Amino acid sequence: MSISLFLGENLMLDRISQMFARKDKQAGHEEEFDESGVIPAHIAVIMDGNGRWAKNRNLPRIAGHRAGMNRVKEIVRAADGIGVNILTLYAFSTENWKRPRDEVDFLMRLPQEYLSTELEELVERNVRLRMVGSKQELPGHTLEALEAAEERTSSNTGLQLNFALNYGGRKEIIQAFTEIARLVQNGDLCPDAIDENVIAQHLYTGEIPDPDLLIRTSGEIRISNFMLWQLAYTEMWFTDILWPDFTKEHLFQAIADYQGRARRYGAV
Ligand code: FPP
């Protein structure tokens, strides 16, 4: 496909997604959360339903992913606006490589496309961007864009925006075990010193605190290999809304529900 055809197709998909997004917004509703109450410090999101969103409109699946990317823009702004500390978005799983080549290629171009229009605003907002996941299999162009953005925003102290890309919870645990086993083998770590902190530090998320709230869109009630260790005590919020329809009002609704929950961590 020529570059101009690719760009032309992207522009068209963008217009169609915006048209539907405007229509969907008019039908939306406001939900209140307590702005002086506890805002979840770390929100993680499984952004699901792009394909179904596109199918419902007789559009190609990639149109759903493009509309999904536009939602990312809105949700990042909203999370930053209400003082969320960390937002982790599941953008591509280790299992997503099984999808058709064209779709994978499209998804792998989304980070740089997003950053090409959003990076300046992220910098202005003092957002720190980070990728969590395995960098090994990523195409060079994807990795370069992400690493440049990580570098550019590395000293920012506001919202930490994590893109979970080529992320798989089991793969993450395996590589943590491998690193820890190597330390033990080399005599740098005593087996008795292996505790929750040691394991957490060897995960992709390292020092990042566990999510307080997990949101999954599109009506699927499962974790799908996402943050298996980190979600141990996370509050979960599932909605039938498809990700491209997920507005900041839905985010606020999830936060309002979160504020009504009692987190006991196993205590009474
Ligand atoms: C799952 O929906 C969604 C994905 C595999 C991709 C998610 C990516 C985005 C929302 C855009 C990310 C943007 C940036 C900037 C990285 P699905 O395709 O499985 O939907 P379906 O279950 O309805 O088929």
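Let me begin with a word that I will need throughout: a residue is called buried if 20 or more other C-beta atoms lie within 10 Å of its own C-beta atom, exposed if 12 or fewer do, and partly exposed in between. Please also keep in mind, as you look at the structure above, that this is a predicted model.

With that word in hand, we can start at strand β1, where both faces are covered: His42, Ala44 and Ile46 on one side are buried, and so are Ile43 and Val45 on the other. Put as a count, five of the five residues of β1 are buried. For the chain as a whole, which has 268 residues, the share that counts as buried is 36%.

Let me now step back to the overall layout. The secondary structure of this chain consists of eight helices and six strands, and if you follow the sequence from its beginning, these elements come in the pattern α-β-α-α-β-α-β-α-β-α-α-β-β-α. When we take the contacts with a separation of 6 or more, 79% of them are between residues that stand 24 or more positions apart.

How are the strands ordered in the sheet? The sheet is open, it has six strands, and its order is β3-β4-β2-β1-β5-β6, with parallel pairing. At its edges are β3, which covers residues 128-132, and β6, each of which pairs on one side only. Neighbouring strands in this sheet are turned against each other by 20° on average, if we ignore direction. Helix α8, residues 248-259, packs on the sheet, where it touches β5 and β6, and its direction makes about 140° with that of β6.

Let us return to β1 and look at its two partners, because the definition of burial told us how covered the strand is, but not which strands it pairs with. On one hand, β1, residues 42-46, pairs with β2, residues 86-93, in the parallel sense over five bridges; within that pairing, Ile43 has Leu87 as its bridge partner, and Val45 stands opposite Leu89. On the other hand, β1 pairs with β5, again in the parallel sense, over four bridges, and there Val45 stands opposite Ile215. Val45 is therefore a useful residue to click on, because it is one of the buried residues of β1 and has a residue opposite it in β2 as well as in β5.

From β2 we can move on to β4, since these two strands pair in the parallel sense over seven bridges, with Gln160 as the bridge partner of Ile86. Strand β4 is also joined to β3, which runs parallel to it, by five bridges, and here Arg130 has Asn162 as its bridge partner. On its way from β3 to β4 the chain passes through helix α5, residues 140-152, and this β-α-β crossover is left-handed. Why do we call β4 largely enclosed by the rest of the structure? We do so because seven of its eight residues are buried.

Two residues deserve a closer look for their backbone angles. Asn166, which lies in β4, has a positive phi of about 50° although it is not a glycine, and it is buried, because 24 other C-beta atoms lie within 10 Å. Ser224 also has a positive phi of about 50° without being a glycine, but its place is in the loop between β5 and β6, and it counts as partly exposed because it has 13 C-beta neighbours inside 10 Å.

Ser224 brings us to Ser93, a residue of strand β2. Is Ser93 buried or exposed? It counts as buried, because it has 20 C-beta neighbours inside 10 Å, which is just what the cut-off of 20 or more asks for. Leaving aside residues up to four places away in sequence, Ser93 touches Tyr167, Gly168, Ser224 and Asn225. Ser93 and Ala164 are 71 residues apart in sequence, yet 7.7 Å apart in space from C-alpha to C-alpha.

Finally, I come to the ligand. Of the 19 residues around the ligand, those that come nearest are Gly51, Arg52, Gly68, Ala91 and Tyr114. By class, this shell has ten nonpolar, seven polar and two charged residues, and helices α2, α3 and α4 each supply at least two residues of it.

How values were computed: Residues numbered from 1 in each chain as written. Predicted model: local features only at pLDDT ≥ 70, side-chain atom pairs only at ≥ 80, totals over all residues. Near = placed C-beta within 6 Å. Nonpolar A, V, L, I, M, F, W, Y, C, P; charged D, E, K, R; others polar. Pairing = 2+ DSSP bridges. Axes fitted to C-alpha atoms, helices over the stretch in contact; angles between N-to-C directions. Contact = placed C-beta atoms within 7 Å. Right-handed = clockwise from strand over helix to strand, strands pointing away.
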